[in-house]
Structures are given as structure tokens and as C-alpha cells.
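Visitor: I'd like to go through this one and ask how each label gets earned. Can we start wherever you like?

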Amino acid sequence: MNAIERARGLLSGVRRLVVLSGAGLSAESGMATFRGAGGLWEGRRVEEVATPEGFQRDPALVWEWYSQRRGQALACRPHPGHEALVAWERRPEAHLVHVTQNVDGLLQRAGAERVLELHGSLFRVKCSAGCPGEREDLRVPFPHPQPCPRCGDLLRPAVVWFHEMLPAGILEEAAREIGSAEVLLVVGTSGVVQPAASLADIALGAAIPVLEVNPEETPLSSLADVFLKGPAGKVLPSLLDS
Ligand code: OAD
């Protein structure tokens, strides 16, 4: 039996599926990943654009970078891998939860309804001084500077930066969903950024079958029940289409 047949066997009859995704899920839509050649972090000092300190130092530069990423995301379209996930989510009696590190909104644009965004969204803003609440903002370019309506401090992208905590309660919710899943499907993540990377350990520790889709091996590949080597846009339709 080949890998795809084994994986389809593990999915057969399953209702509760959690999909843990990373930048690789959006790659075939045209979004750059973070690591490796051509990645967003290559040749860029992460501290400049993805830390609270970087924003304090030069908020205009940070907004310029996020405006570009917004524009890029809006120019992209979901691909057959997103569509296969959403078709599975829409099956009667299916309970599929997406736990994603992606901030590009592509899953939602494909029609996904249950999406836990571990790292926030490019399309929301929040107060940089910590006033509670976030609101949707789709403007490209973002007309920086914009004051927080409550305190007048600057609005910033509602994404998680380095040195920051994840949005309150989201990790617990993701852990709960994974703990009660019948299968965990991990797609397009290098698995090196915590705490997202450790979420797969919950499934491994509870003997919940783990399937991984990635064209490259990752630290998870040898631990997963089935490693499906290949791009999401090809592998997901053949895994999930009935
Ligand atoms: P990475 O850039 O670290 O990893 C992307 C993964 O996608 C790699 O393992 C690639 O092999 C894989 N990949 C590439 N093309 C693919 C395809 N067509 N189909 C499937 N997989 C493919 O991205 P993440 O793991 O998402 O955090 O990175 C995690 C976090 O690191 C990001 O959310 C971001 C970054 O710093 C923050 O900004 C907080």
C-alpha cells in the first residue's frame, strides 16, 4: 500500500479532523514562505518588521511591509488544496477545525468557517498600546499613521510578532480541538516556531494519527503516521476528494 492509500485509510470514517497549517499551504497561491531560499526572512532582519521594538523604532517602515503583504495576499487566489479542505469541511457531520499560523486569510476566502488564527491576521488592526479589541481593515496601502480611537496611540497590524504572546486563549482552544480530533493533518509548516510546533505533540502523545503534507522533510516527518511528500495543491485533493 502506498502512502496516499494508507493516509486515505486512516481518514476513512473520520468526522473530527484538525488541520494544522503553515506558510506552505499558501505557497501555490503565490504567497512567499518564511524560511529557505526566497523566503520572507531571507536577507531581512526580522527585528525590523516583526517585533514590537521594530514598530516603536519605525512604524512607517513596518506598515509599508504589512501593506505590501496585504496587497500580495489580496492578489492571490485559493488553490485546489484549499478547496479540497473546504469541501471536506462541508461534508455532512464533518467537524473540521483549521489551526493555522497563516495570516493571509486564504483559507477563509476559500470558504473555511472554523479557523483558529494562531498568529493573527494581516486584515485586522489593534492598538499598539494594548487597548482591547481588534477590527477589520482591508486598506492597501494602510494610511499610516492612524490613531487608536480610545487612547490615540498608533494602530498596528493584529499579527503576532516575535517576543509576543499568542492571542489569549487560542492555544488552549487549539490544544482542545487537537486532543479531541480523530486525525491531525499537518500541512506546509517547517515545525520550528513555538508554540505552534508543539501542537502536533499533543496528537502524537495521545496516539491520534498524524498525517503530514510537505514537499520537504521536517522534524515531524519521521514521527508522523504517514508523511505525504509533495505540494499541498496536488496532495490534498488526492487525499481528501472522495
Ligand atoms: P516556514 O517558511 O518556516 O515553512 C514553510 C514550510 O512549507 C516548509 O516546510 C516548506 O517545505 C513547506 N512548503 C513549501 N511549499 C509547499 C507546498 N507547495 N505545499 C506544502 N508545503 C510546502 O513557514 P511556517 O512553518 O508557517 O510566524 O512558519 C511558522 C511561522 O514562522 C510563521 O507563522 C511566521 C514565521 O516566523 C510569525 O510571523 C509569528
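Guide: Sure. This is a predicted model, and a good starting place is Pro195, which is found in the loop between β7 (183–187) and α9 (199–205).

Visitor: What makes the peptide bond from Gln194 to Pro195 cis?

Guide: Its omega is near 0 degrees, and the bond is cis. Most peptide bonds are trans. Another cis bond joins His144 and Pro145, with omega about 0 degrees; Pro145 lies in the loop between β5 (134–136) and β6 (155–159).

Visitor: Why is the phi of His163 worth a remark?

Guide: The value is near 75 degrees, so positive, and His163 is a residue other than glycine. Most residues other than glycine have a negative phi. You'll find His163 in the loop between β6 and α8 (170–179). Gly13, just after α1, also takes a positive phi, of about 80 degrees, but that one is a glycine.

Visitor: How do you know that Asn2 caps helix α1?

Guide: A side-chain oxygen of Asn2 lies 3.3 Å from the backbone nitrogen of Ile4. The cut-off for a polar contact is 3.5 Å, so this pair qualifies at the N-terminal end of α1 (residues 3–11).

Visitor: On to the ligand. What makes His119 a polar contact of the ligand?

Guide: An N or O atom in the His119 side chain is 2.8 Å from a ligand oxygen atom, which is within 3.5 Å, so the pair counts. The protein buries 89% of the 800 Å² that the ligand exposes when taken alone.

Visitor: Which backbone atoms join in?

Guide: A polar backbone atom of Gln101 is 3.3 Å from an oxygen atom of the ligand, and a backbone N or O atom of Gly24 lies 3.3 Å from a ligand nitrogen. Both pairs are within 3.5 Å, so they count too.

Visitor: How do you know that the ligand sits in the largest pocket?

Guide: The test is that more than half of its atoms lie within 2 Å of the pocket's grid points, so the ligand, which sits in the largest pocket, passes.

Visitor: What is the shell around the ligand like?

Guide: By class, there are 10 nonpolar, nine polar and three charged residues. Of the 22 residues around the ligand, Phe34, Arg35, Thr189, Ser190 and Asn214 come nearest. Domain 1 (1–30 + 77–119 + 166–242) and domain 2 (32–75 + 120–159) each supply at least three residues.

Conventions
Residues numbered from 1 in each chain as written. Predicted model: local features only at pLDDT ≥ 70, side-chain atom pairs only at ≥ 80, totals over all residues. Heavy atoms only, no water. Near = heavy atom within 4 Å. Polar contact = N/O pair within 3.5 Å; in protein donor to acceptor, adjacent residues only side chain to side chain. Areas by Shrake-Rupley, 256 points an atom, 1.4 Å probe, with all protein chains shown as cover. 1 Å grid on protein atoms, 1.4 Å probe; cavity = no way out; pocket = protein on both sides within 12 Å on 5 of 7 lines; lining within 4 Å. Nonpolar A, V, L, I, M, F, W, Y, C, P; charged D, E, K, R; others polar. Domains from an automatic or database assignment. Helix = DSSP H or I, 4+ residues; strand = E, 2+ residues; numbered from the N terminus.
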